[in-house]
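Visitor: I am new to reading structures. Could you show me around and give your reasons as we go?

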Amino acid sequence: MIQYQGVSKVFGSGPSSIVAVDNVTFNIEDGNLVTFLGPSGCGKTTLLRLTNRLIALSSGQILIDGKDVMSWDEVKLRQSIGYAIQEIGLFPNKTIYGNIAIVPRLLGWNEKRISDRVDELLNMLRLDPGVFRDRYPVELSGGQQQRIGVARCLAADPDLLLMDEPFGAIDPVNREEIQDEFIKVQAKLKKSIAFVTHDIYEAVKMGDRIAIFDEGRLVQFDTPEVILMKPANKYIEDFVGTDRTLKGLSLLSVRETMNQDHANVVEGRIKSAEAMNVLKEKGLSHLNVIEEGKPIGYVTTATLESDNIEVKKLIEPYPLCIAETDNLRDALSNMLMHDIQKIPVINENGYLTGTISYDDIHRRIVNLYSDHRITK
């Protein structure tokens, strides 16, 4: 756990002094990723640097697992904490292997252990060790370099990571991919992470909790759901934006919202006449057709032409299917993009598990706003 207790940082003295961090108190629980959010100059990066003593506290305490950081040897403190920054900071004269191995070597790891760790991290971040470990940073794309920066941050297997806009310099496509990969890694490793960002979408997507700052003060500290649905004041409302409901959709999964009723599902081998009867009896607009449990298309009254033809020969292909693990923002975006109101939902093995519609998403939003458990 990281505990910030009345933490303040003042630069300079007298009338010209600047209060960068002002009496900040909150905790980062073990295994949680907390995003530090706010405009430039609000104190979030300063607080990060106070944590590993790159700059000195003016007052207050920062405790890591109950131990005041001021009682640590500075070098040992920094070696025990993973650190990643927006500029990545890879050494251009070292190979990818050499860059990742820096801290483990400082800690006295043997080369076999270092080699195994480098390969483990590269595989985890979907970079083939056989292809990348002997390359130099200049030979990598920006997105690949950023992954190496994350790998170096994780190299010595620290319990605590400090990440200062680590994906900020990456183009939007690669940035989203790296975010997704890091979320998967964090789900496995459960590190305690302080993550600085100025991007509300990134803060909502990445954070277990969000700390929002203004002029050095902590304004609100809570879960993404509460901050979006119950902002503490006008400043938070303005900061998260009038589209905060749409941002909130990225927190909600398709799995938790989808309709699992299989009343409109038929096997591809049944005959068209039987399928037509199902449509009429149940008053349905269409039927989802599956084969070996996987969706292959759909049929309507217009496509069911003959009594003796298997339904699978008459199907219309789906514009798309969506995964259970996708979020409602992506689901809604796909509905609008493809002009469809209901999408089949599949699991990781491609089997049909339900459908999701505009109505399903609308109901979820209404329920979330009216949920009495979400309070200020």
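**Pockets and helices**

Guide: This is a predicted model. Its largest pocket has a volume of about 1300 Å³. Among the 34 residues lining that pocket, Asp-180, Ile-183, Lys-205, Ser-250 and Asn-327 are the closest to its centre.

Visitor: What makes a residue part of the lining of a pocket?

Guide: A lining residue has an atom within 4 Å of a point of the pocket. In the largest pocket, 34 residues count as lining. Helix α8 gives the most, with 9 residues.

Visitor: How do the residues of that lining divide by kind?

Guide: The lining of the largest pocket has 10 nonpolar, 9 polar and 15 charged residues. In the second largest pocket, the lining divides into 15 nonpolar, 5 polar and 2 charged. There, β6 gives the most, with 5 residues.

Visitor: Why is helix α1 called mostly covered?

Guide: Buried means under 20% relative accessible area. In α1, residues 44–51, 6 of the 8 residues are buried. They are Lys-44, Thr-46, Leu-47, Leu-48, Leu-50 and Thr-51. So α1 is mostly covered.

Visitor: Which residues of α13 are buried, and how do you know that they are on the same side?

Guide: The buried ones are Ser-272, Ala-275, Met-276, Val-278 and Leu-279. They cover an arc of only 155° around the axis, so they sit on the same side of α13. Strand β12 is included in what covers them.

Visitor: What makes Lys-280 and Glu-281 exposed?

Guide: Exposed means over 50% relative accessible area. Lys-280 and Glu-281 are exposed, on the other side of α13.

Methods. Residues numbered from 1 in each chain as written. Predicted model: local features only at pLDDT ≥ 70, side-chain atom pairs only at ≥ 80, totals over all residues. Heavy atoms only, no water. Buried < 20%, exposed > 50% of the residue type's maximum accessible area, 1.4 Å probe, protein only. Helix = DSSP H or I, 4+ residues; strand = E, 2+ residues; numbered from the N terminus. Arc of directions from axis to C-beta. Contact = heavy atoms within 4.5 Å. 1 Å grid on protein atoms, 1.4 Å probe; cavity = no way out; pocket = protein on both sides within 12 Å on 5 of 7 lines; lining within 4 Å. Points joined across faces, edges and corners; volume = space filled by probe spheres on them. Nonpolar A, V, L, I, M, F, W, Y, C, P; charged D, E, K, R; others polar.
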